[in-house]
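Q: Please give a close account of one helix in this structure and of what surrounds that helix. A reader new to the structure would welcome each term explained on the way.

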Amino acid sequence: MTVHPITIWGEPVLHRRAAEITEFDDALRTLIADMHETNDAAHGAGLAAPQIGVGLRVFVYKHPNDDGVPPRGAVVNPRLTLSKVSGAAPDPEEDEEGCLSFPGEGYPLRRAEWVKVEGFDGDGNPLEFVATGWFGRVMQHEYDHLDGKLYVDRLIDKYAKKARRAARKHGWGVPGLTWMPGVDPDPFGHDDHDHDEDHEHAAHDHASHEHAEHDRAGHGPAEHGL
Ligand SMILES: [Zn+2]
């Protein structure tokens, strides 16, 4: 298994529709294994194939859920049916989302409360489940990647402006940019995660505790990019 570099906003494969998978073969199983390994190294909650430069319709996830679905898996050629998305403004804290391909940033976005996911596992067996809450958000986020859409494409004006400014500041929006999980600094701050116990800085301690809360609650994609 291999950890792959993660593509960044501007890489063309992220911005076009990925192709249906037609063969459930060893190449697909290797791709899925590599995606899991890359997602783990990036401390991600989910990763879609275009995020490692592969324009195929498959994503992996690692996220706890209350829906009776294994907390780690892959979905091939997914189809999603969404509940109605609220027209209310997103909550700046509860709805904050993050993306491994827009690394280190986070913006609030309203999502459907639940989503029905249909598709196949890596061996070609049919899958069908309903995903709620943050797990449902992960499904919606990863599915979007397969249609060439990032969550920053869905933001309301005020956050879209901030995202554009951040992209400019980072020099994103051009082809060829990637970051390497486990080598480059973790964009969502996980390099410090193992040392949470012994910090001198009260402010940092506070942040770490919040982190732990989020981990327990099984949400906080802004801390775990998608
Ligand atoms: Zn993403």
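A: The account below goes from the whole chain to one helix, its annotated residues and the strands beside it.

This is a predicted model, in which local features need pLDDT of at least 70 and side-chain atom pairs count only at pLDDT 80 or more, while totals for chains, interfaces and linings use all residues. Residues are numbered from 1 along each chain as its sequence is written.

The chain holds 4 helices and 9 strands; helices (H or I, at least four residues) and strands (E, at least two) are DSSP runs, numbered from the N terminus. Their order along the sequence is β-α-β-β-β-β-β-β-β-α-α-β-α. Of the 226 residues, 37% are buried. A residue is called buried if 20 or more other C-beta atoms lie within 10 Å of its own, exposed if 12 or fewer, and partly exposed in between, with C-beta atoms placed from the backbone. Among contacts with a separation of 6 or more, 72% join residues 24 or more positions apart; a contact means that two C-beta atoms, placed from the backbone, lie within 7 Å.

The helix chosen here is α2, residues 133-146. Its 14 residues should span 20 Å at 1.5 Å a residue, and the end C-alpha atoms are 21 Å apart, which agrees; the expected span is 1.5 Å times one less than the number of residues. Because 12 of the 14 residues are buried, α2 is largely enclosed by the rest of the structure. Among these buried residues are W134, F135, R137, H141, E142 and H145. The cover over the buried residues of α2 includes β2 (46-48), β3 (58-62), β4, β5, β7 and β8. After the helix comes G148, with a positive phi near 75 degrees.

Several residues of interest carry annotations. In an unreviewed entry, UniProt lists E142 under "active site"; such positions are given in the numbering used here, feature names are shortened, and annotations may be inferred rather than shown by experiment. E142 counts as buried because 25 other C-beta atoms lie within 10 Å. Leaving out residues up to four places away in sequence, E142 touches G46, A48, F59, Y61 and L226.

Under "binding site", the unreviewed UniProt entry lists C99, H141 and H145. Although these are spread over 47 residues of sequence, they cluster in space, with a largest C-alpha distance of 10.2 Å. H141 lies in α2 and is buried, with 26 other C-beta atoms within 10 Å. Apart from residues up to four places away in sequence, H141 touches G46, E97, Y151 and L226. C99 belongs to strand β5, residues 96-99, and is buried, with 29 other C-beta atoms within 10 Å. Beyond its neighbours within four places in sequence, C99 is in contact with L150, Y151, G225 and L226.

Among the covering strands, β7 (residues 114-120) has alternating side chains: V115, V117 and G119 point to one face and are buried, whereas W114, K116, E118 and F120 point to the other and are not. Strand β4 (residues 72-82) runs antiparallel to β7, joined by 5 bridges; two strands pair if DSSP finds at least two bridges between them. In that pairing, L80 has V117 as its bridge partner. β7 also pairs with β8 (residues 126-132) in the antiparallel sense over 7 bridges, where E118 is partnered by E128. β7 and β8 form a hairpin with 5 residues between them, and G124 in the turn has a positive phi of about 90 degrees.
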